[in-house]
Amino acid sequence: MEGRSSEMYPNPTSLGYVMLSSKNKANMSVRVFDVLGKQVLNEKVNDNKLYVSSLNTGIYIMKVSQDNATITKKLVIQ
């Protein structure tokens, strides 16, 4: 996904999900970690929607992998 346009919205979110978009339509592998580095979510995303309603309010680190490329983003749950 490096070199590709990739977006995540809304962020911060209170909706229970975030939308992930990229110019490439390949499935995305998403891992979410809390601030202590513990993995709290590991999902395959193929409809561009990552459900995060199981996460508590706070700040998380999200690693999105697609086609052997990985990007890291900050995710805020309100």
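A residue is called buried when its relative accessible area is under 20%, exposed when that area is over 50%, and partly exposed when the value falls in between. With this in hand we can place Asn48, which has a relative accessibility of 29% and therefore counts as partly exposed. Since the model shown above is a predicted one, every value discussed here is computed from predicted positions.

Asn48 also has a backbone feature that is worth finding in the structure. The residue lies in the loop between S4 and strand S5, which covers residues 49-51, and its phi is near 70 degrees, a positive value in a residue other than glycine. Asp67 offers a second example, for although it is not a glycine it has a positive phi of about 50 degrees. This residue is found in the loop between S6 and S7, and because its relative accessibility is 41%, Asp67 counts as partly exposed.

From these loops we can turn to the strands. Four strands form an open sheet in the order S4-S3-S6-S7, and their pairing is antiparallel. The strands at the edges are S4 and S7, each of which pairs on one side only, and from one strand to the next the twist averages 20 degrees.

It helps to walk across this sheet one pair at a time, beginning with S3 and S4, which pair in the antiparallel sense over 6 bridges. Within this pair, Met28 has Val45 in S4 as its bridge partner. The hairpin of S3 and S4 has 5 residues between the strands, and in this hairpin Gly37 takes a positive phi near 90 degrees. On the next step, S3 and S6 pair in the antiparallel sense over 5 bridges, and here Val30 stands opposite Val64 in S6. Finally, S6 and S7 run antiparallel and are joined by 9 bridges, with Leu75 in S7 serving as the bridge partner of Tyr60.

How many of the residues of S3 are buried? The strand is mostly covered, since 5 of its 6 residues are buried.

Burial leads on to the core of the model. In soluble globular proteins, nonpolar side chains tend to be buried together. The largest nonpolar core here has 17 residues, and those that touch the most other members are Leu20, Val30, Val32, Leu50, Leu55, Met62 and Leu75. The elements that give two or more residues to this core are strand S2 (17-22), strand S3 (28-33), strand S4 (39-45), strand S6 (58-66) and strand S7 (69-77).

Which residues does Met62 contact, once its neighbours within four places in sequence are left aside? Met62 is in contact with Met8, Leu20, Val30, Arg31, Val32, Leu50, Ile71, Thr72, Lys73 and Leu75.

One of these contacts, Met8, can be followed further. Met8 has its place in strand S1, which covers residues 6-9, and because its relative accessibility is 13%, Met8 counts as buried. Although Met8 and Met19 are 11 residues apart along the chain, their C-alpha atoms are separated by 5.5 Å. Leaving aside its neighbours within four places in sequence, Met8 is in contact with Val18, Met19, Leu20, Met62, Lys73, Lys74 and Leu75.

After strand S1 comes a stretch with two special peptide bonds. The bond from Tyr9 to Pro10 is cis, with omega near -15 degrees, and Pro10 is placed in the loop between S1 and S2. A cis peptide bond also joins Asn11 and Pro12, where omega is about 10 degrees, and Pro12 has its place in the loop between S1 and S2.

Two residues of strand S6 complete the tour. Gly58 lies in this strand, and apart from its neighbours within four places in sequence, Gly58 is in contact with Leu75, Val76 and Ile77. The C-alpha atoms of Gly58 and Val35, 23 residues apart along the chain, are separated by 8.8 Å. Gln66 also lies in strand S6, and why does Gln66 count as buried? The reason is that Gln66 has a relative accessible area of 2%, while the limit for buried residues is under 20%. A polar atom of the side chain of Gln66 lies 2.6 Å from the backbone oxygen of Ala26.

Key: Residues numbered from 1 in each chain as written. Predicted model: local features only at pLDDT ≥ 70, side-chain atom pairs only at ≥ 80, totals over all residues. Heavy atoms only, no water. Core = buried A, V, L, I, M, F, W, Y, C linked by side-chain atoms within 4.5 Å. Buried < 20%, exposed > 50% of the residue type's maximum accessible area, 1.4 Å probe, protein only. Contact = heavy atoms within 4.5 Å. Polar contact = N/O pair within 3.5 Å; in protein donor to acceptor, adjacent residues only side chain to side chain. Pairing = 2+ DSSP bridges. Axes fitted to C-alpha atoms, helices over the stretch in contact; angles between N-to-C directions.
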